[in-house]
Amino acid sequence: MTIWALADHLKKTSVMKITFLGHSTLLLEIDTTKIIVDPFISGNELASHIDVSSIKVDYMLLTHGHQDHVLDAETIARNNPEAIIVSNYEIVQWYAAKGINGHPMNHGGQYAMDFGIVKFVNAIHSSVLPDGTYGGNPGGFVISTDSRCIYIAGDTALTMDMKLIRKTSPRIDLAVLPIGDNFTMGYKDADIASDFVKCDRILGYHYDTFPPIKLDKEKAKAYFDSRNKELILLNIGDSLEV
Ligand code: NI
Ligand code: MN
């Protein structure tokens, strides 16, 4: 059965809207469902105009346990008691102990949520929760509806495993890739990653937030231009549609 067949029961989705909330934080809107990814807002000076308390979501996707990906997860969960955290088993258990709803996954697994199919895929990185608890292995997400498919890499190095993503998904309409270097791949490796997932439309993230990941944005964009690819760098609060 193809991933599209699994999605057959889903209603037609015209677009996915993605709003960049700084660092690695994304707000996805798929039909009426709102999904926040890796909320790190209150600790990001560049995102001081975003009000965490106003965020309304149905799901929260967490790629790994590092503070710069989960800082505001508990606050958002308390403000949205029906919201479900989707992450690896260890992270979901950590939040479950705080009384927060979750849906645990592990690498290579996919699950049909009410907004689309979520697959938890490999990332090369580390993962520890803010209190030192083991945070499982880090991952990324492939999210597909009946008409759209995006890859959110999370914090990762360039890895050959990315070649498998394209083999196990219908296509990738947008690849969200870290480009800030130092803690993750930099933009030149992200260009190779975009080859691996066969996607020429890239949303860059995980840059500029801290001094070691300061990015020369014009240089990075020109690099992708020279390869006939589009590197999108959104201002914090701006959106794109897929
Ligand atoms: Ni990290
Ligand atoms: Mn990070």
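This passage walks through a metal site and a sheet in a predicted model.

A good place to start is the nickel ion (ligand 1). Three histidines and an aspartate hold this ion: H64 through NE2, H66 through ND1, H125 through NE2 and D155 through OD, at 2.2 to 2.3 Å. Along the chain, these donors follow the spacing H-x1-H-x58-H-x29-D. The angles among the 4 donor atoms run from 88 to 177°. Four donors count as tetrahedral if all angles lie between 85 and 135 degrees; the site of the nickel ion is classed as irregular.

Two of the coordinating residues, H64 and H66, are buried. D155 deserves a second look, as this aspartate bridges the nickel ion (ligand 1) and the manganese ion (ligand 2). The two metal ions lie 3.1 Å apart.

Turning from the metals to the sheet, 7 strands come together in the order 7-8-9-10-11-12-13. The sheet is open, and its pairing is mixed. Strand 7 (110–113) and strand 13 (230–232) each have a single partner strand, so one side of each is left without a neighbour in the sheet and these two strands stand at the edges. From one strand to the next, the twist averages 20°.

Within this sheet, strand 9 (residues 139–144) and strand 10 (residues 149–152) offer a pair to follow in the structure. These two strands run antiparallel and are joined by 4 bridges. For F141, the bridge partner in strand 10 is I152.

Conventions
Residues numbered from 1 in each chain as written. Chains lettered and ligands numbered in written order. Predicted model: local features only at pLDDT ≥ 70, side-chain atom pairs only at ≥ 80, totals over all residues. Heavy atoms only, no water. Donors = N, O, S within 2.8 Å, 3.2 Å for Na, K, Ca; no water. Tetrahedral: all angles 85-135°; square planar, octahedral: opposite > 155°, others 65-115°. Buried < 20%, exposed > 50% of the residue type's maximum accessible area, 1.4 Å probe, protein only. Pairing = 2+ DSSP bridges. Axes fitted to C-alpha atoms, helices over the stretch in contact; angles between N-to-C directions.
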